[in-house]
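Visitor: Please take a close look at a single part of this model, beginning with the packing of its helices, and then set that part beside the elements that follow it.

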Amino acid sequence: MKTILHLLTLSSAFQGTTEEAIRRNHSELLKALDEAFDVRILTEEHFTALHLESSDIVLVFIASGGTEGLFIKHYARMPKPLTLLTDGQANSLAASLEISSWVRAHNETCRILHNDPEQVVEAIHALHLRSLMQGQRLGILGEPSVWLVSSHVDYEAATRRWGTTFVRIPLFRVENYFFAPESEEGAEAEAEAFIAGAGKMVEPSKAEVIKAVRLYHAIRRIVDEEKLDAITVRCFDLISSCHTTGCLALALLNNEGIIAGCEGDVPSLFTMLLGKRLTQSDAFMANPARIRDKEVLFAHCTIGLKQTRQYIIRSHFESGTGVAIQGLMREHRPVTVVKIGGEDLGRIAFASAILAENKNDPKRCRTQILLRTKNADLTHYLMNRSIGNHHVVLQGNCTELFDHLSQAMDLHNEVTPAYTFASGRS
């Protein structure tokens with residue numbers, strides 16, 4: 001079923017104000033839109049009767065010149081932030097420029113969509129993301145780890161921007177479920193299947209793997225009870241209370257399509273979920289472990305198993321206990337590094353790279369990937385304007401989608417023009 005696209009259409013009497021006239025005058029653009037969306041053209045007399053669902057997209061279609069006065073007449077009921085659509089026909093681009101200038105003079109943001117029809121469709125898909133994030137439930141199991149000093153989120157402000165719900169859950173709930181008999185049900189069989197699928201198992205014993213599966217059962221129970229779309233866990237505290245690590249639990253959750261992140265890092269979890277919704281790509285959350293001119297080594301102790309061509313069962317690097325994943329990812333493929341942060345999740349940074357090779361340094365977290373870039377934009381950003389520590393790696397070059405998203409959602413790009421970070425497309 002196609003997403004509904006409402007076009008609040010303004011056209012002058014000279015060009016025709018009926019849907020038939022509008023479709024005739026803008027056939028190339030509307031043909032492309034009809035193929036991608038369920039397009040509803042709403043002319044001026046239908047504006048007041050507009051009924052929207054949360055998943056609908058609404059654009060103001062400036063179909064001709066001479067519509068500036070009509071726009072101001074209906075401005076109060078138009079959706080904010082404003083996005084104007086124009087194909088340039090019949091002086092519509094000129095009118096759009098005049099209107100956008102007026103809107104900005106009234107301290108509101110206004111974006112103009114004007115490009116080839118295929119690019120317009122892609123940009124509208126990015127606009128649709130906010131409706132996809134509307135109502136998404138992100139669980140924070142325990143508070144963010146104390147070392148994430150630059151990753152605070154104002155949940156109310158972030159909800160206003162994105163429409164998401166942040167659910168704070170005390171850590172004792174997962175501890176209680178972990179020690180409950182129910183966590184043991186099926187744990188041994190699942191552990192055996194996980195071990196059988198591995199390239200090899202290095203440090204952990206089968207008993208350690210079973211314990212890690214029990215923690216997965218406990219976290220999964222909370223996900224189901226709270227109806228969560230994503231969850232981040234203050235995992236280091238569980239090492240002392242449950243005597244295991246959360247790495248395997250998070251890997252299994254990500255494998256099932258439940259976005260799961262480490263250390264109670266809310267911005268990284270949000271980035272992972274948004275990245276999945278926008279690109280359909282699974283996400284690897286990691287920290288930069290080494291930075292050179294055009295190279296960045298990212299590492300972490302968990303990764304969704306489906307993202308790997310092979311996985312090795314290891315212990316958790318920092319603690320030397322529990323179960324972690326050394327995932328070997330597919331090399332020589334494009335990836336995108338992205339991070340959304342800020343108190344209202346209104347900052348963004350993204351760049352393309354090539355996943356050059358997997359590494360196996362015993363002094364770093366277990367999954368290690370070396371990324372290479374065409375220029376030094378990514379490394380300059382990380383060293384000078386980084387949004388916190390953790391970043392998210394997505395499969396494929398998704399920079400154009402994130403460029404559309406940042407404009408559509410009025411996100412502040414943390415890469416300065418000197419680094420031309422957002423133009424790092426390949």
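**A helix pair and its surroundings**

Guide: Helix H2 passes helix H5 in a right-handed crossing. A crossing counts as right-handed if the near helix is turned clockwise from the far one by less than a right angle, and as left-handed if it is turned anticlockwise. The model is predicted, so local features need pLDDT of at least 70 and side-chain atom pairs count only at pLDDT 80 or more, whereas totals for chains, interfaces and linings use all residues. Residues are numbered from 1 along each chain as its sequence is written, and side-chain values use heavy atoms, with hydrogens and water left out. Helices (H or I, at least four residues) and strands (E, at least two) are DSSP runs, numbered from the N terminus.

H2 comprises residues 27-36 and H5 residues 117-127; the two pack at an angle of about 45 degrees, with their axes 9 Å apart. Axes are lines fitted to C-alpha atoms, for helices over the stretch in contact, and angles run from 0 to 180 degrees between N-to-C directions. H2 and H5 are therefore oblique to each other: angles under 35 degrees count as roughly parallel, over 145 as roughly antiparallel, 65 to 115 as roughly perpendicular, and the rest as oblique. On the H2 side of the interface stand Glu28, Leu29, Ala32, Leu33 and Ala36, which meet Pro117, Val120, Val121, Ile124 and His125 in H5. Contact here means heavy atoms within 4.5 Å.

The view next turns to a sheet. It is an open sheet of 5 strands in the order E2-E1-E3-E4-E5, with parallel pairing. Strand E2 (38-42) and strand E5 (110-113) stand at the edges with a single partner strand each, so one side of each has no neighbour in the sheet. On average, neighbouring strands here are turned by 30 degrees against each other, direction ignored. Two strands are said to pair if DSSP finds at least two bridges between them; strand E1 (residues 4-10) and E2 have 5 bridges, in the parallel sense. One of these partnerships joins His6 to Arg40 in E2. Helix H4 packs on this sheet, where it touches strand E3 (57-62), E4 and E5, and its direction makes about 165 degrees with that of E5.

Two loops attached to these elements deserve attention. Between E1 and helix H1 (19-25), the loop contains Phe14. Is this side chain buried or exposed? Phe14 is exposed, with a relative accessible area of 82%; buried means under 20% relative accessible area, exposed over 50%, and partly exposed in between (1.4 Å probe, protein chains only). The C-alpha atom of Phe14 is separated by 9.6 Å from that of Gly65, although these residues are 51 residues apart along the chain. The other loop, between strand E4 (82-85) and helix H4 (92-105), holds Asn91. Asn91 is not a glycine, yet its phi is positive, at about 65 degrees. With a relative accessible area of 57%, Asn91 is also exposed.

A further open sheet has 4 strands in the order E7-E6-E9-E10, again with parallel pairing. Its edge strands are strand E7 (165-169) and strand E10 (259-262), each of which pairs on one side only. Neighbouring strands of this sheet are turned by 20 degrees against each other on average, direction ignored. Strand E6 (residues 137-141) pairs with E7 in the parallel sense over 5 bridges, and Ile140 stands opposite Arg168 in E7. Helix H13 (residues 266-279) packs on the sheet and touches E6, E7, strand E9 (230-233) and E10; its direction makes about 155 degrees with that of E10.

The nonpolar interior completes the account. A nonpolar core is a set of buried Ala, Val, Leu, Ile, Met, Phe, Trp, Tyr and Cys residues joined through side-chain atoms within 4.5 Å. The largest such core has 94 residues, of which Ile219, Phe402 and Leu405 touch the most other members. Helix H10 (residues 206-226) gives the most to this core, with 10 residues. Not counting residues up to four places away in sequence, Ile219 touches Leu141, Val174, Ile231, Val233, Ala249 and Leu253. Another core, of 22 residues, lies apart from it and includes Ile22, Ile41, Val120 and Leu127. Val120 is also one of the H5 residues at the interface with H2.
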